[in-house]
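Subject: Handing over the structure

Hi there,

Here is the structure I promised to pass on to you. My notes on what turned up in it follow just below.

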Amino acid sequence: MDVESYRDFVTARMDGLRRTAYLLCGDWHTADDLVSTTLVKLYRQWRRVSVMDNRDAYARRVLLRVWLDERRRPWRREHSTSVMPDHVVARGDGIEGAPERLAILALLAEVPPRRRAVLVLRYYCDLSVEETAAALGCSPGTVKSQTARALEALRARMVGSQSLTQEA
């Protein structure tokens, strides 16, 4: 096995896989667990994966399957609290965009898992409808309808949350 090529692949893709996992599950600790499990699965199959044309797509698909498997575990059916921490440290493009990012992440967490996966793959990973359908194992029409329903739900929730803040 070519351990060096695996190491190079993981080094180049780690941050992207971790961010994708976070967008899927909404928790950095769970995201780290998902990525770790994904990387173990990739390592076991590296001989086969290393000759693939699109290793990134395969890695995303493994990550997605690991996340779906993890959601089925009984201890993952716990509900998170709606209490926000007192202090939030913004990362990335500055503190001025933090409230919007937090609001979008909160809205994304309310979307059902399948639709959330479609949104993450389509808009964060920038996959086409066909690539998303292949990753999810469904038809392109299903991806289109799930995307439309998820965006409609997000828009409705955004309008609802804006009207609540205006009333306050």
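Read from start to end, the chain follows the pattern α-α-α-α-α-α-α-α. That gives eight helices and zero strands. Please keep in mind that this is a predicted model. Of the 168 residues in the chain, 32% count as buried. Among the contacts between residues at least 6 apart in sequence, 62% join residues at least 24 apart.

**The core**

The largest nonpolar core has 40 residues, and the members that touch the most others are Leu39, Leu42, Leu64, Trp67, Leu121 and Leu136. Each of H1, H2, H3, H4, H5 (98–110), H6 (113–124), H7 (129–136) and H8 (140–167) supplies at least two residues of this core. H1 gives the largest share, eight residues. As background, nonpolar side chains in soluble globular proteins tend to be buried together.

**Helix H2**

H2 covers residues 28–44, and because each of its 17 residues counts for 1.5 Å, a span of 24 Å is expected; the end C-alpha atoms are indeed 24 Å apart. Its buried residues are Thr30, Ala31, Leu34, Val35, Thr38, Leu39 and Leu42. An α-helix has 3.6 residues a turn, so residues three or four places apart point the same way. What covers the buried residues of H2? The cover includes H1 (3–25), H3 (46–49) and H4 (55–71).

Leu42 appears both among the buried residues of H2 and among the core members that touch the most others. Leaving aside neighbours within four places in sequence, Leu42 is in contact with Tyr6, Phe9, Val49, Tyr58, Ala59 and Val62.

**The second largest pocket**

This one may interest you as a computational chemist. The second largest pocket holds about 160 Å³ of space. Its lining consists of Ala12, Arg13, Asp15, Gly16, Leu17, Thr20, Asp56, Ala59, Arg60, Tyr124 and Cys125. By class, that lining has five nonpolar, two polar and four charged residues. H1 and H4 each supply at least two of the lining residues, and the largest share, six residues, comes from H1.

Two of the lining residues link to other parts of these notes. Ala59 lines the pocket and is also one of the contacts of Leu42. Thr20, another lining residue, lies in helix H1. Is Thr20 buried or exposed? Thr20 has a relative accessible area of 5%, so it is buried, the cut-off being under 20%. Setting aside neighbours within four places in sequence, Thr20 is in contact with Leu63, Val120, Tyr124 and Cys125. Tyr124 and Cys125 are themselves part of the pocket lining.

**Helix H6 and the residue after it**

For the 12 residues of H6, 1.5 Å a residue leads to an expected span of 16 Å, and the end C-alpha atoms are 15 Å apart, which agrees. The buried residues of H6 are Arg116, Ala117, Val118, Leu119, Val120, Leu121 and Arg122. Among them, Leu121 is one of the core members that touch the most others, and Val120 is one of the contacts of Thr20.

Just after H6, Asp126 takes a positive phi of about 60°, although Asp126 is not a glycine. Its place is in the loop between H6 and H7. With 63% relative accessibility, Asp126 counts as exposed, because the cut-off for that class is over 50%.

Happy to talk any of this through.

Best wishes

Key: Residues numbered from 1 in each chain as written. Predicted model: local features only at pLDDT ≥ 70, side-chain atom pairs only at ≥ 80, totals over all residues. Heavy atoms only, no water. Helix = DSSP H or I, 4+ residues; strand = E, 2+ residues; numbered from the N terminus. Expected span 1.5 Å × (residues − 1). Buried < 20%, exposed > 50% of the residue type's maximum accessible area, 1.4 Å probe, protein only. Contact = heavy atoms within 4.5 Å. Core = buried A, V, L, I, M, F, W, Y, C linked by side-chain atoms within 4.5 Å. 1 Å grid on protein atoms, 1.4 Å probe; cavity = no way out; pocket = protein on both sides within 12 Å on 5 of 7 lines; lining within 4 Å. Points joined across faces, edges and corners; volume = space filled by probe spheres on them. Nonpolar A, V, L, I, M, F, W, Y, C, P; charged D, E, K, R; others polar.
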